[in-house]
Amino acid sequence: MRVTVRLFARLRELAGREVWTTEVPAGATVADVWATVTQAHPPLAPFDRAVSCAVNANFSRMSSPLQEGDDVAFLPPVSGG
Amino acid sequence: MLAVTRDPLSIDALTTAVEAAVRARGEGCGALASFLGVVRATHQGRAVRYLEYEAFDALAVKTFAQIRDEALARWPDAELALVHRVGRLEIGEASIAIVAATAHRADAFAVCRYAIERVKQIAPVWKHEYFVDGDAWVEGAVADPEDADAREKAMAIACA
């Protein structure tokens, strides 16, 4: 199935890309998508334990299963305010 | 009013909205507390030229709504308005405006403080600092809106 990957802030800068679609197996989780992202962009690997995620613009868990067409966003530690 | 904007912030519109909301509730509105976060000229001893803020707008607005819901669960007759600015901000410009309205002053300060502490914990907003001699993304909290410990920590700070 195809999902959209979306990166923000320093993750986007390190990867050199912001939004793209990728093919993952049926039943894939957010963590599976993150694994493909870090494989393609090794500088993101140190964020393994510091990344938050959202699916379709709602906070999600790395263990959450995905559906065809989902929009999966990865968020580095936040610094608003 | 919960929003992300590229425009300069003003607390006036926020104040009007929350006062009107609380006027119609419970004891009415007797206190308004406001907070503006402002771009500082230095960061850890380095001279700042300007900042750039970035947000995941759709998720940020939902996060602000969660923060408002949390505040109103604790202070049922309060109202809260919160707007975060994104884009390039110069020194002295406001990056966030929060206004809390309540019946009495202690709660207004507490709601305002709770809101800013929660923004710093969970809002999907990022600050990129541009110094005279380089630049750096600021990375603070790992955002987890379901983390009860973080929520309690923010509440303890707000009610200190």
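Here is a friendly chat about one helix and one strand in this predicted model.

Trainee: Which residues of helix 4 of chain B are buried, and on which side do they lie?

Mentor: Helix 4 of chain B spans residues 148-158. An α-helix has 3.6 residues a turn, so residues three or four places apart point the same way. The buried residues cover an arc of only 80 degrees around the axis, which puts them on the same side of the helix. They are Ala150(B), Ala154(B) and Ala158(B).

Trainee: What do the buried residues of helix 4 of chain B pack against?

Mentor: Let's look at both faces in turn. The face turned away from the buried side carries the exposed residues Asp149(B), Glu152(B) and Lys153(B). The buried residues, in contrast, pack against helix 3 (105-122) of chain B.

Trainee: Which residue has a side-chain oxygen reaching the backbone nitrogen of Asp149(B)?

Mentor: Good place to look: this contact is at the start of helix 4 of chain B. The oxygen comes to within 3.0 Å of that nitrogen, and it belongs to Asp147(B).

Trainee: How many residues of strand 5 of chain A are buried?

Mentor: Take the faces one by one. On one side Asp71(A), Ala73(A) and Leu75(A) are buried, and on the other Val72(A) and Phe74(A) are too. The strand is therefore largely enclosed by the rest of the structure, and its buried count is five of the five.

Trainee: Which strand runs antiparallel to strand 5 of chain A?

Mentor: Strand 1 (residues 2-7) of chain A is joined to strand 5 by four bridges, but these two run parallel. Elsewhere, Cys53(A) stands opposite Phe74(A) in strand 5 of chain A. Four bridges also link strand 5 to its antiparallel partner, strand 3 (residues 52-55) of chain A.

Terms used. Residues numbered from 1 in each chain as written. Chains lettered and ligands numbered in written order. Predicted model: local features only at pLDDT ≥ 70, side-chain atom pairs only at ≥ 80, totals over all residues. Heavy atoms only, no water. Buried < 20%, exposed > 50% of the residue type's maximum accessible area, 1.4 Å probe, protein only. Arc of directions from axis to C-beta. Contact = heavy atoms within 4.5 Å. Polar contact = N/O pair within 3.5 Å; in protein donor to acceptor, adjacent residues only side chain to side chain. Pairing = 2+ DSSP bridges.
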